[in-house]
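Here are some short exercises on reading a protein structure. Try each task yourself with the structure open, then compare your steps with the solution.

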Amino acid sequence: MNISPPMLASTPAKRGWLHLIGWSMALAVLAWAWQGAEMQPSALMTNAGNMTELAGDFFPPRFGNLELYIELMLVTVQIAIWGTLLAVAFAIPCSLLSSENLVPWWVYQPMRRLMDACRAINELVFAMLFVVAVGLGPFAGTLALFVHTTGVLAKLFSEAVEASEAGPMEGVRVTGAGRLEEIVFGLIPQVLPLWISVSLYRFESNIRSATVLGMVGGGGIGVALWETMRGFQYAETATIMLVIIIAVTLLDMLSQTVRKRFI
Amino acid sequence: MSIANIAVERLNKAFGQRTVLEDIAFEIRAGEMVALIGPSGSGKSTLLRHLVGLTIANRQTGGRVTVMQHDIQCDGRLIRRSRAERCRTGYIFQQFNLVGRLSVMTNVLIGRLGSMPRWRALLGRFSEEERSQARHALARVGLGELAGQRANTLSGGQMQRVAIARALVQDADIIYADEPIASLDPRSAREVMDILKRINAEDGRTVLVTLHQVEYARRYCLRTIALKQGRLYHDGPTAELTDARLQALYDNADLDEMHDASAPNDSPVALGAAG
């Protein structure tokens with residue numbers, strides 16, 4: 001019927017070799033990375049005593065400053081809210097300008113590279129830069145989240161735009177509507193569910209990112225986390241970690257319930 | 001109104017090496033209902049897309065499309081037109097091209113976007129008058145009950161009627177329909193054609209409709225333009241398209257295509273044959 005059986009019959013030997021080469025390359029990469037990462041599982045055994053002592057310092061957690069930590073956690077959530085919201089607002093135009101079905105290459109190529117740059121640099125690095133620019137505090141953290149998240153969301157948004165159907169947009173265009181109306185009525189309804197879902201997911205991960213921004217002066221609970229760890233007050237650190245875990249879990253659950261409504 | 005509502009001169013189009021349209025020229029008067037037929041691949045959809053500027057003709061061939069005294073394209077260049085001019089032609093697609101997640105009502109209101117002030121259009125702030133126009137148009141295509149429903153919950157025939165309602169609220173002078181019934185069952189196809197015929201007869205709109213079933217052309221359109229391999233094969237009264245001429249038109253094509261299974265067969269009314 002077709003030509004595939006004889007082709008398959010002739011290849012097992014060749015495929016065997018390819019498999020062997022593939023596996024040995026994968027193993028070589030793993031070995032190479034093992035060296036670079038200075039993996040030493042034995043250290044876990046030899047330093048076991050140290051580690052149990054350290055773990056012991058965390059218990060029992062001290063709840064004396066709980067109120068302060070909850071307040072700082074709320075600041076962290078506030079940073080994540082505004083960081084994400086600003087990012088969504090900017091990612092919408094940036095994503096449209098980096099979609100090849102909407103704009104010519106000389107618009108989407110530079111825009112994509114700019115978004116790549118926003119994405120490539122970690123929030124912490126941006127936070128350190130913004131601390132210099134706007135001073136210590138939550139605003140620097142918010143700006144850091146905003147810039148990085150804009151890069152991430154613009155890419156995810158534009159992927160949704162490029163996967164959308166052209167038909168509805170043509171349908172709007174031929175009624176005599178302008179280019180912007182074509183986008184608002186023909187395109188946005190198609191991509192909105194995915195955009196909302198992706199934005200909420202980024203909000204979840206921004207809350208997690210925001211918990212460490214304070215370590216470099218970006219405000220929120222990270223400040224307390226850093227201070228207690230540097231002061232070896234591990235019982236306090238344990239309380240902060242508990243606050244973070246509970247807050248992140250609750251907000252993840254909340255965001256997931258909202259997200260499910262849009263898929 | 002002028003004599004020639006639509007005028008096409010020396011239209012040539014090639015996609016890469018493949019010639020799709022060759023030296024097409026014709027005129028359509030205001031108020032006519034014309035069928036555009038031909039085997040698949042004969043270029044009829046491409047021709048229709050040229051008339052609204054969705055596709056641009058080859059350069060340096062002097063091709064020109066004029067609609068209501070305004071050039072749409074000239075020698076392979078799209079002419080910029082104001083929104084007010086563009087919304088005077090409506091277009092109906094084989095695949096309906098509705099926005100599935102919007103309500104039927106909003107889909108119809110989209111037809112008003114071109115004639116609204118910009119800020120209201122972008123915010124989707126439709127006036128009560130526009131809404132009543134949309135409701136009226138939906139009632140005319142027999143879908144008044146479904147205004148609140150999402151467009152993607154409708155059947156094919158219903159979607160096409162929503163698309164017609166969208167063209168109706170545009171208050172377009174010309175309605176182009178690109179294979180409007182090709183994806184529909186025979187009953188829905190007749191309903192859609194009946195509505196188009198009514199718009200033509202009652203409102204005096206010019207209607208140009210591509211069809212691949214000759215029976216529908218014979219029944220609904222006095223005049224037929226036929227394309228064969230990108231060239232004008234016939235332009236005149238549908239009655240002059242005798243079976244022998246049709247045989248020659250569908251010569252190289254699948255013979256079944258000419259008498260498609262979903263052709264109308266119930267009532268003996270033959271509007272086309274009367275001409």
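The exercises below work through a predicted model, from whole domains down to a single residue.

**Exercise 1. Domains of chain A**

Find into which domains chain A is divided, and how many Å separate their centres.

*Solution.* Start with the assignment: domain 1 of chain A covers 1-36, and domain 2 covers 66-262. Next, take the centres over C-alpha atoms: those of domain 1 and domain 2 of chain A are separated by 41 Å.

**Exercise 2. Transmembrane regions from a record**

Look up where UniProt places the feature "transmembrane region" in chain A, then examine two of the spans in the model.

*Solution.* The unreviewed UniProt entry gives residues 16-34, 79-103, 124-147, 183-203, 210-226 and 232-254 of chain A. Take residues 79-103 of chain A: this span is 72% helix and 0% strand, and its end C-alpha atoms lie 33 Å apart. Now take residues 232-254 of chain A: here the span is 91% helix and 0% strand, with 34 Å between the end C-alpha atoms.

**Exercise 3. Where the chains meet**

Work out how many residues each chain brings to the contact between chain A and chain B, and describe the side that belongs to chain B.

*Solution.* Count by chain: 17 residues come from chain A and 21 residues from chain B. Then ask which helices of chain B each supply at least two residues of its side: they are helix 2 (83-86) and helix 4 (118-123). Finally, sort the residues on the chain B side by class, which gives 12 nonpolar, 5 polar and 4 charged.

**Exercise 4. Chain B and its two domains**

Summarise chain B as a whole, then describe how its domains touch.

*Solution.* Begin with the overview: chain B has 11 helices and 11 strands, and 45% of its 275 residues count as buried. Among the contacts in chain B with a separation of 6 or more, 67% join residues 24 or more positions apart.

Now divide the chain. Domain 1 of chain B is made of two segments, 1-88 + 176-275, while domain 2 is 94-171. Where they touch, 15 residues of domain 1 of chain B meet 11 residues of domain 2 of chain B. On the domain 1 side, helix 2 and helix 7 (186-203) of chain B each supply at least two residues. Helix 7 of chain B gives the largest share of that side, with 4 residues. By class, the domain 1 side has 7 nonpolar, 2 polar and 6 charged residues.

**Exercise 5. A pair of helices**

Decide whether helix 6 and helix 7 of chain B are roughly parallel or roughly antiparallel.

*Solution.* First find the geometry: the axes of helix 6 (residues 156-169) and helix 7 of chain B come within 9 Å and cross at roughly 10°. Angles under 35 degrees count as roughly parallel, so these two helices of chain B are roughly parallel to each other. Next, list who makes the contact: B:Gly156, B:Gly157, B:Gln160, B:Arg161 and B:Ile164 from helix 6, and B:Ser188, B:Glu191, B:Val192 and B:Ile195 from helix 7. Sorted by class, this contact has 3 nonpolar, 4 polar and 2 charged residues.

**Exercise 6. One residue up close**

Is B:Leu227 buried or exposed?

*Solution.* Locate B:Leu227 in strand 10 (residues 223-228) of chain B. A residue needs 20 or more other C-beta atoms within 10 Å to be buried. B:Leu227 has 26 C-beta neighbours inside 10 Å, so B:Leu227 counts as buried. Leaving out residues up to four places away in sequence, B:Leu227 touches B:Gly38, B:Ser42, B:Gly43, B:Lys44, B:Leu47, B:Leu232 and B:Tyr233.

How values were computed:
Residues numbered from 1 in each chain as written. Chains lettered and ligands numbered in written order. Predicted model: local features only at pLDDT ≥ 70, side-chain atom pairs only at ≥ 80, totals over all residues. Domains from an automatic or database assignment. Contact = placed C-beta atoms within 7 Å. Nonpolar A, V, L, I, M, F, W, Y, C, P; charged D, E, K, R; others polar. Buried ≥ 20, exposed ≤ 12 C-beta atoms within 10 Å, placed from the backbone. UniProt positions renumbered as here; feature names shortened; annotations may be inferred. Axes fitted to C-alpha atoms, helices over the stretch in contact; angles between N-to-C directions. Parallel < 35°, antiparallel > 145°, perpendicular 65-115°, else oblique.
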